[in-house]
Structure formats: C-alpha cells, structure tokens
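This report describes selected strands, a helix packing and one residue environment. The sequence and structure are shown first.

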Amino acid sequence: MEITKDIRYVGVDDHDIDLFEGQYDVSENGMAYNSYVILGDKIAVADSVDAGFVDEWLGNLETVLDGRTPDYLVVHHMEPDHSAGIAAFMERYPQAQIVASMGAFRMMVNYFGTDYPERKMVVKEGDVLDLGGLTLAFCMIPMVHWPETMMTFDETEGVLFSGDGFGCFGTLDGGFLDTRMNLDKYWDEMVRYYSNIVGKYGSPVQKALAKLGGLPISTICSTHGPVWTDNIAKVIGIYDRLSRYAAEEGVVIVYGSMYGNTEQMAEAIAAELSVQGIKNIVMHNVSKSNPSYIIADIFKYRGLIIGSPTYSNQIYPEIESLLSKILVREVKGRYLGYFGSFCWAGAAVKRMGEFAEKSKFEIVGDPVEMKQAMKDITYEQCENLARAMAERLKKDRQ
Ligand code: FEO
C-alpha cells in the first residue's frame with residue numbers, strides 16, 4: 001500500500017457499479033474510491049469512500065495503522081462517494097479531529113446531523129497543519145466541482161491530495177501507482193470523467209491550475225483513478241486542455257433515427273467528410289451510445305453535427321436530452337452543423353436552430369431538412385454540409 005515513505009493507499013475498487021451517479025456508464029471499467037493515510041508523528045487520513053465500501057475501507061485503515069490511531073480525517077469534498085464513511089470513522093476513532101473547509105462543515109450538518117463541533121478544525125486558504133515530520137498546506141478550489149472543495153499539499157514530500165481533480169473512471173485492479181499499471185484505458189476514461197463530471201467548471205479548474213502552478217508536485221493522489229507520479233505533466237496537461245475547451249480536428253456526428261432514414265443522412269455526411277480529408281470522424285446513434293461517451297467526444301473534437309427526426313411535433317426525445325447535456329456543460333468553441341427529418345410537419349431542425357443560438361457555437365453550412373426519405377437533393381445537401389464543416393476545420397490548420 002506504500003506510495004511514499006509516509007503515505008499509504010487505503011482506497012477501494014467498485015467492480016459492480018454500472019452507472020456512476022446513476023447516469024455515467026462505468027459497467028466496463030468500474031470505479032475506484034481512493035483514500036490515503038499520511039503517517040507523520042501524528043496521522044491524517046485523506047477522505048473516506050462510497051457508502052457500499054465503508055467496512056472494507058475501515059478494514060484497510062486498520063491494516064495500515066497497525067494498532068495506531070488516526071488524529072485527523074481530512075475531508076476534501078463532501079460528495080457522498082467520498083464522505084459516506086465520515087460518521088463511521090468518527091465513531092470508531094473518538095479522539096480524531098475532522099479537518100475541512102467551512103463549506104464542507106455546512107454540508108456535513110445536513111448529511112450527518114452534526115458537524116462535530118467539539119472535534120472540528122476549519123481550514124482556509126494557506127492554513128497549514130503540522131503532523132510532526134510532515135506539513136500539510138490547504139488550498140481552496142471552489143467549484144472543482146462543488147463549492148466546498150479543497151486540495152492538500154504535503155510540503156515535505158511534494159504530494160498533492162487533489163480530491164476529484166485529476167481523477168478518472170476505472171478500478172485500479174491491484175496496482176494503484178501509475179508506474180505499476182498499464183495506463184492505456186485510463187486516458188480516455190480521464191477525458192470522459194472530466195467532460196461529464198467537471199466539464200461545466202472550466203474556469204474554476206483554470207483558477208485551481210494557476211494556484212498549483214508553482215508547487216513542486218512529485219505525486220498526485222486523486223480520489224479516483226491511479227496515483228500519478230511518472231505522468232504528472234501529462235495529467236495536468238489533459239485537465240488544462242479540457243478546461244480551456246481546446247479540441248482536436250475532428251467531427252462528432254450524433255443522430256437519432258427510428259427507421260434508418262435520418263441515419264442515412266448521417267452516413268452521407270460522414271462519407272463526404274472523409275472524402276474531404278477529415279480523419280477523426282466519430283458517429284454516435286443517440287439511442288445506442290451512453291451519453292457520457294458522446295459528451296467526451298464533443299470535448300475531444302472541434303466539429304459537431306447533430307441530426308434528429310421530428311417526433312410528435314417535437315425534436316426526438318433522446319436528442320433533446322443530449323442538447324440539454326451540452327448546454328449544461330457550457331461547452332465553448334465548437335463548429336456546429338445540423339440536419340433533421342420529418343414526415344408531415346418539421347420541428348426538429350427548428351428546435352436545433354434554437355439550440356444553436358443558445359450554444360453560441362459557430363454555425364457551419366446550411367441545416368438540411370428531409371421529408372421522409374433520402375433523395376438526390378438530400379445527398380447533395382448533406383455533402384454540402386460536410387464540405388462546409390471540413391473547410392472550416394481545415395482553416396484552423398493554417
Ligand atoms: Fe468523486 Fe465529486 O465526487
């Protein structure tokens with residue numbers, strides 16, 4: 001469980017979860033809830049775990065403590081996947097104090113009926129806690145991605161306890177250190193985690209990164225995903241790029257289709273994009289792909305083309321839901337094209353026009369609207385839309 005001479009891993013893997021937060025598909029890679037023990041003359045524990053794993057976590061703690069008792073529980077973030085074990089910890093270790101921001105204590109009262117008034121230590125920006133042999137400095141990072149969040153920097157060993165920051169989906173499967181793992185699956189899972197969970201908060205993340213700028217960080221201990229030692233620049237680079245909404249050349253085509261007609265429009269657009277030399281083309285049938293993958297790809301690529309049939313005189317419900325998810329995350333700087341279909345009265349294309357305005361994306365090409373099925377003119381219009389998108393993307397190459 002050793003991370004550094006004085007820091008141990010006591011987190012847990014959740015292999016059973018299908019939908020994190022009830023919405024993000026993690027059925028393939030699962031989820032880790034990380035927690036750490038910091039062993040100075042005094043002992044601090046960083047964060048607890050999800051409700052289903054509190055017993056396992058307390059068992060891990062006992063093993064690492066080997067008869068000693070912790071002096072502090074440092075709470076970086078009150079979301080229940082990290083705070084569910086607070087009450088059990090405080091009961092088991094009645095001499096321990098709890099260290100958190102004022103915002104976190106306000107939330108604690110509502111979650112647990114108490115903020116442990118006799119045992120609480122409120123910390124603010126720049127406060128330090130001397131563990132004896134180790135000094136912890138606290139850094140407030142509001143809205144990354146909740147208002148009460150903070151990070152802790154172990155000034156002695158250069159270890160950053162970053163809360164959800166620099167986290168990703170995926171269990172750790174025995175090896176929690178990046179140096180001991182095949183990291184392939186985590187890079188995409190980091191983009192998917194960031195874009196879906198933190199994605200709305202690009203500006204607070206930029207502020208947090210600026211605060212970390214001068215620190216000599218040797219290790220990042222996040223609450224999700226591997227402990228980063230050899231990949232710190234890469235990990236910070238990913239969070240920096242995503243929080244600036246910077247994206248690669250490429251197009252996400254996302255569409256709804258009931259009988260395949262709107263899908264044919266999507267196929268025609270994709271084929272012409274390829275002819276025009278765009279290599280990164282990702283297609284998502286909105287009824288098939290979990291939205292978290294679509295959102296991740298929208299964060300990855302600059303081009304976005306959305307297609308929808310009209311359904312009961314409205315836009316297709318799954319597309320409506322996706323449009324809402326994009327707007328919530330306040331994604332910036334994308335090029336947008338859109339198309340749709342109808343049988344007797346068109347509504348989808350009109351609704352996407354309203355979305356386009358709200359999104360403030362740069363509109364590319366003319367929207368294409370098809371009645372019932374593909375015709376020669378529809379192919380032409382779809383190809384024109386694809387060509388306009390390709391041209392806009394290629395301008396950025398210059
Ligand atoms: Fe992993 Fe925002 O909780």
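Strand β2 (residues 7–9) and strand β7 (residues 36–39) run antiparallel and are joined by 3 bridges; within this pair, I7 stands opposite I38 in β7. The model is predicted, so that local features need pLDDT of at least 70 and side-chain atom pairs pLDDT 80 or more, whereas totals for chains, interfaces and linings use all residues. Residues are numbered from 1 along each chain as its sequence is written, and side-chain values use heavy atoms, with hydrogens and water left out. Strands (E, at least two residues) and helices (H or I, at least four) are DSSP runs numbered from the N terminus, and two strands pair if DSSP finds at least two bridges between them.

An open sheet of 7 strands with mixed pairing has the order β1-β2-β7-β8-β9-β10-β11. Its edge strands, β1 (2–4) and β11 (120–122), each pair on one side only. Neighbouring strands are turned by 25° against each other on average, direction ignored. Helix α4 (residues 102–112) lies across β10 (97–100) and β11, at about 120° to β10.

Y72 lies in strand β9 (residues 72–74). Y72 is buried (under 20% relative accessible area, 1.4 Å probe, protein chains only; exposed is over 50%, partly exposed in between), with a relative accessible area of 5%. Leaving aside neighbours within four places in sequence, the contacts of Y72 (heavy atoms within 4.5 Å) include I43, V45, F89, V99 and L131.

Strand β19 (residues 301–311) is mostly covered, with 10 of its 11 residues buried. Its pairings are listed below.

| Partner of β19 | Sense | Bridges | Opposed residues |
|---|---|---|---|
| β17 (residues 248–255) | parallel | 6 bridges | I253 and I305 |
| β21 (residues 335–342) | parallel | 7 bridges | I305 and G337 |
| β20 (residues 314–315) | antiparallel | 2 bridges | Y311 and Q314 |

β19 and β20 form a hairpin with 2 residues between them, and S312 in the turn has a positive phi of about 50°.

The axes of helix α8 (residues 261–275) and helix α12 (residues 376–395) come within 8 Å and cross at roughly 45°. Axes are lines fitted to C-alpha atoms, for helices over the stretch in contact, and angles run from 0 to 180 degrees between N-to-C directions. α8 and α12 are therefore oblique to each other; angles under 35 degrees count as roughly parallel, over 145 as roughly antiparallel, 65 to 115 as roughly perpendicular and the rest as oblique.
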